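Welcome! Here are some exercises to work through with the sequence and the 3D view side by side. Try each task yourself before you read its solution.

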Amino acid sequence: MRLPLNFLFGAVLIFCVVTAAIVSIFWTPHSHIEMNISMKFADPSNLHWLGTDQLGRDVVSQLMVAAQNSVQVALVAVFIGGAIGTFLGLIASAIGGLVEDLIMRLADLGFAFPALLFAIMLAAALGPSLNNAIMAIAFINIPIFIRVSRGSANQIWQREYVYAAKAAGLTKFRISLDHILPNIMAPIIVQATIEFAVAILAEAALSYLGLGAQPPQPSWGRMLSEAQTLMYLAPELAIYPGVCIIVSVIGFGLLGDGLRDITDPRLNGSR
Amino acid sequence: MYFFIFNRIANFIVTIFVVSIIVFAAMNVLPGDPALTILGLDATEDALDALREKLGLNEPLIKRYFSWIINALSGNFGVSHSFSVPVSELIIERLPLTVSLAISGMLCTIFLAFVLGVFAAANHQRSGDWGVMIISQLGIAVPAFWLSILLVLLFAVKLRWLPPGGFPGWESPIDALRSLIMPTLSLTLVQSAVLARVTRSSMLEIKRQDYIRTAQASGLHPRRILWLHTLPNALIPIVTIIGMQFAALVTGTIVIENVFYLPGLGKLIFQSISNRDLPTVQALVMLFAAIVIVANFIVDIAYSFIDPRLRERT
């Protein structure tokens, strides 16, 4: 089978970001927190590939550690939101009736709450932190996964093998776990890939506003908010983190689109 | 029809009610003592007790919730801890700026997205279509706050055409409008990328329908088919997205106001967070959530006018 171009292109971009993130755990060109005021605003050179910031910290090292931060936040937030959402979606689909109505109403409610508002509430009540940002991003993912999993699960419940499992006396819980969940994994994984992109954007925005990663933890969003105050001195510092965000978001977006094309060929070319 | 509207209104009221409970609970049930956050760690126990009494924090939660909601319905959101004026006054003072930003952003978004989406659909699988798709893919990936920074770099730092931020007030309308150009542009460019894609795919979907082929076969002018048959039917998903986008746009104004130092509600919410001014944060979060819910409600009602089938189904 020929893999779609968007999938391949997305995979290459994500490979670069994830590799940078993983490598940063073991190695960065310089320490990302080490300050060297005498080297502040250094131009790109062999020593500092993209130069240094206002405190003389190496920009490449900060970008790499920030990639690790972004990928981690996206993974944890989408995993938590996805797991809770899928679980609730499966319950809604298996039990139906009033429980399904209630869960779907809850999902609708979740859509009324943008992540930013949720993060603002948490920050006001508990203080700004990366964990609260993760909670806010996970929260907005719950209703999305409820809808996707319940929609797909409702289709699977109509299949012959599910009727056969019911006839064999399996409980709804067993059927959901053994037959429904494995068969709805494709749309869930596609959705998760797309949501990674959204999570990276959300984390960047929250960190930019001071509601996410706190100093000295580097984050692309926070790097941008620091760079904004130095725009007249070093405009290039406001460029690099943004490019990293775009590369990750486009990468995950294309990967998700590609995966969708692979798992659901009917949609090919309509988007 | 009446049943449909009644159903939606009931839904709307329940949603607002539940959201108000969530907002109140998040601010009042989560660990943390507002009196302690206002007075600081050095405060004496007596001072803390007195402040708790003054703020009504010793009352039962349910009583506090109902008095908050009843007062809020009459426009009384309490007194701001940091500004020592009624929160409603703060909101009224800053509302015009946020509303003008959101409305101008929405109108420009709809206009730009429609032009790009219809153009791309009309040139399906030709260079114009690919161009629009690549631009919109980029637009979706660009964070609005980064785009704003880039615009400031270009128009304020390099070209010096527009102010980098701040708001001179409505007394000088020309300067006020000038300072809103970049914020509106940042909101518009990002939001219209999504809407343009939806407009394009929705138009393409409808163009494949049998009734369009029939209209073509019966010799109708292509422009007549576009305006009378394709566009009205393509509107349904577009209106859904416009509703969702308005929500994104309203919260987008919170970010954009902070990027451009605009004294609107978004800026106020962040000032209130850093001042630990809970009544103001609570009122503003509720206000923003209510705007999002009202937008969704209007979309629901708009549906039934665009597509009569939806009324009958409910």
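A disulfide is a pair of cysteine sulfur atoms within 2.5 Å. Keep that cut-off in mind for the opening exercise, and remember throughout that this is a predicted model.

**Exercise 1: Cysteines**

Find how many disulfides the structure holds over all chains, and explain the result for Cys16(A).

Solution.
- Step 1. Searching over all chains gives zero disulfides.
- Step 2. Go to Cys16(A) and look for the closest cysteine sulfur, which belongs to Cys244(A). The two sulfur atoms are 11 Å apart, and that is too far for a bond.
- Step 3. Now start from the other end: for Cys244(A), the nearest cysteine sulfur is that of Cys16(A), so the 2.5 Å cut-off is not met from this side either.
- Step 4. Compare their surroundings. Cys16(A) is partly exposed, with 45% relative accessibility, while Cys244(A) is buried at 19%.

**Exercise 2: Where the chains meet**

Describe the interface of chain A and chain B: how many residues does each chain bring to the contact, and which helix of chain A gives the largest share?

Solution.
- Step 1. Count the residues: 40 come from chain A and 49 from chain B.
- Step 2. Look at the area. About 3,900 Å² is buried between the two chains, with carbon and sulfur atoms giving 78% of it.
- Step 3. Search for charged and polar links. The rule finds zero salt bridges across this interface, but two residue pairs are in polar contact there.
- Step 4. Ask which helices of chain A take part. At least two residues each come from α3 (97-111), α4 (115-126), α7 (172-208), α8 (220-228) and α9 (240-263). The largest share, nine residues, is supplied by α4(A).
- Step 5. Sort the chain A side by class: 32 residues are nonpolar, five are polar and three are charged.

**Exercise 3: Salt bridges**

How many salt bridges does the whole structure have over all chains? Follow some of them and say where the partners sit.

Solution.
- Step 1. The search finds 14 salt bridges over all chains.
- Step 2. Begin within one helix. Asp178(A) and Arg174(A) form a salt bridge, and their closest N and O atoms are 2.9 Å apart. The two are four residues apart in helix α7 of chain A, so about one helical turn separates them. Asp178(A) is partly exposed at 35% relative accessible area, and Arg174(A) is partly exposed at 40%.
- Step 3. Move to chain B, where Arg8(B) pairs with Asp300(B) at 3.2 Å between the closest N and O atoms. Arg8(B) is in helix α1 (residues 2-28) and Asp300(B) is in helix α12, so this pair ties together parts that are 292 residues apart in sequence. Asp300(B) is partly exposed, at 22%.
- Step 4. Look next at Arg200(B) and Asp129(B), with their closest N and O atoms 2.6 Å apart. Arg200(B) belongs to helix α8 (residues 173-207) and Asp129(B) to helix α6 (residues 127-141), 71 residues apart. Both residues are buried.
- Step 5. Finish in chain A with a network of salt bridges that links Asp53(A), Arg57(A), Arg222(A) and Glu226(A).

**Exercise 4: An enclosed helix in chain B**

What is the secondary structure of chain B, and why is helix α11 of chain B described as largely enclosed?

Solution.
- Step 1. Chain B has 13 helices and zero strands. Of its 314 residues, 46% are buried.
- Step 2. Go to α11 (residues 265-274). Seven of its ten residues are buried, so the helix is largely enclosed by the rest of the structure.
- Step 3. Pick out those buried residues: Leu265(B), Gly266(B), Leu268(B), Ile269(B), Phe270(B), Ser272(B) and Ile273(B).
- Step 4. See what they pack against. Their neighbours are α5 (87-122), α10 (222-259) and α12 of chain B, together with α4 of chain A.
- Step 5. Check what comes just after the helix: Arg276(B) takes a positive phi of about 55°.

**Exercise 5: Val294(B)**

In which helix is Val294(B) placed, and is Val294(B) buried or partly exposed?

Solution.
- Step 1. Val294(B) is in helix α12 (residues 278-306) of chain B.
- Step 2. With a relative accessible area of 31%, Val294(B) is partly exposed.
- Step 3. Now turn to Ala247(B), 47 residues away along the chain: its C-alpha atom is 9.4 Å from that of Val294(B).

Terms used: Residues are numbered from 1 along each chain as its sequence is written. Chains are lettered from A and ligands numbered from 1 in the order in which they are written. This is a predicted model: local features need pLDDT of at least 70, side-chain atom pairs count only at pLDDT 80 or more; totals for chains, interfaces and linings use all residues. Side-chain values use heavy atoms; hydrogens and water are left out. Contact means heavy atoms within 4.5 Å. Buried area is the accessible area (1.4 Å probe) that two parts lose on being put together, summed over both. A salt bridge is a side-chain nitrogen of Lys or Arg within 4 Å of a carboxyl oxygen of Asp or Glu. A polar contact is a pair of N or O atoms within 3.5 Å; within protein, one must be able to donate a hydrogen and the other to accept it, and residues adjacent in sequence count only if both atoms are side-chain atoms. Ala, Val, Leu, Ile, Met, Phe, Trp, Tyr, Cys and Pro count as nonpolar, Asp, Glu, Lys and Arg as charged, and the others, Gly among them, as polar. Buried means under 20% relative accessible area, exposed over 50%, partly exposed in between (1.4 Å probe, protein chains only).
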